[in-house]
Amino acid sequence: MSNPAATQGAMSHRPVVITGPPRVGKSIAADRVARALGFIVMAADELRLSFWGLADRDERQAKRRSVYDDAIYGSDGRVVVEGWDLMLHDMLEKSLRFELGAFDGGRVDLRHAVDLRTRFGARVFAFGAALDDAGTRIAAMRRHAQSGYSWIAGLSDAEILPIAEQSRTMSLSLRDAARTADVPYFECRSASFENDMDRAVAAILATA
């Protein structure tokens, strides 16, 4: 495992970390910020495959930390980390077919994202669901399922409905958690998505 202190000291650039629930604009923001800064995008969805399936919880946590250390250190900080498993430490350890109780608006944890800020000087930002109506939100979740993500592709429309609605509730918790953790929080509404996204990206780039 990389030495966190040595890693932080060697960073020439400050990584950008974007977290939040599904279908709220994280990937779009990450791509735009990365292009503007000349960084690469590191998707947590892909990185987590490196530690998925490990039986021991402590081993999973250690591997998770090592994977992010190595990826960020290897990029010399020229990276935008994007993903929602940064938000909840143990959600992905429950099941690929998420238990709906994980979306009940309970404890939202930004510790992992803030940990990256502490160790690498990362700039951490949270995105939340702010789509204008339930129909738009559900349609977005269906598109997400059709894109091939294994954790939701197997769910029925009846199961996607409560996930879509409860994801909005999670965003409300995330907003409060972001405020507590001193993390900027953005919402991009469907009716004004491009303008909202432009403002969010500009705010992120202003921290460079």
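The exercises below, each with a worked solution, concern a predicted model.

**Exercise 1. The sheet**

Work out in which order the strands of the open sheet lie, and which strands stand at the edges.

Solution. Begin with the general idea that strands of a sheet pair through backbone hydrogen bonds, either parallel or antiparallel. In this model, 5 strands form an open sheet with parallel pairing, and reading across gives the order β2-β3-β1-β4-β5. The next step is to look at the two ends of that order: β2 (40-43) and β5 (185-187) each have a single partner strand, so one side of each is left without a neighbour in the sheet. Finally, if direction is ignored, neighbouring strands of this sheet are turned by 25° against each other on average.

**Exercise 2. One edge strand and its partner**

Find how many bridges join β2 to β3, and which residue of β3 stands opposite M42.

Solution. Strand β3 covers residues 79-82, and 4 bridges join β2 to β3, the two strands running parallel. Within this pairing, the residue of β3 that stands opposite M42 is V81.

**Exercise 3. Aromatic rings**

Describe the pair formed by F127 and F186, and decide whether each of these residues is buried or exposed.

Solution. A pair of aromatic rings is described by the distance of the centres and the angle of the planes. The model holds 2 aromatic pairs. For F127 and F186 the centres are 5.4 Å apart and the planes make an angle of 45°, which gives a tilted pair. Since F127 lies in strand β4 and F186 in strand β5, the pair ties together parts that are 59 residues apart in sequence. For the second part, the cut-off needed is that buried means under 20% relative accessible area. F127, at 0%, therefore counts as buried, and F186, at 15%, is buried as well. Ring pairs also bring in F125, which is linked with F127 and F186 into a cluster.

**Exercise 4. Helix α9 and its surroundings**

Determine which strands helix α9 lies across, and how α9 packs with helix α2.

Solution. Helix α9 (residues 193-205) lies across β1 (16-19), β4 (123-128) and β5, and runs at about 165° to β4. Turning to the helix pair, α2 (residues 26-37) and α9 pack at an angle of about 45°, while their axes are 10 Å apart. That angle makes α2 oblique to α9, and the crossing of the two helices is right-handed. The residues making the contact include I28, R32 and V33 of α2, and M197, V201 and L205 of α9.

Key. Residues are numbered from 1 along each chain as its sequence is written. This is a predicted model: local features need pLDDT of at least 70, side-chain atom pairs count only at pLDDT 80 or more; totals for chains, interfaces and linings use all residues. Side-chain values use heavy atoms; hydrogens and water are left out. Two strands pair if DSSP finds at least two bridges between them. Helices (H or I, at least four residues) and strands (E, at least two) are DSSP runs, numbered from the N terminus. Axes are lines fitted to C-alpha atoms, for helices over the stretch in contact, and angles run from 0 to 180 degrees between N-to-C directions. Contact means heavy atoms within 4.5 Å. Rings of Phe, Tyr and Trp (its six-membered ring) pair if their centres lie within 6.5 Å; planes under 30 degrees apart count as stacked, over 60 as edge-to-face and the rest as tilted. Buried means under 20% relative accessible area, exposed over 50%, partly exposed in between (1.4 Å probe, protein chains only). Angles under 35 degrees count as roughly parallel, over 145 as roughly antiparallel, 65 to 115 as roughly perpendicular and the rest as oblique. A crossing is left-handed if the near helix is turned anticlockwise from the far one by less than a right angle, and right-handed if clockwise.
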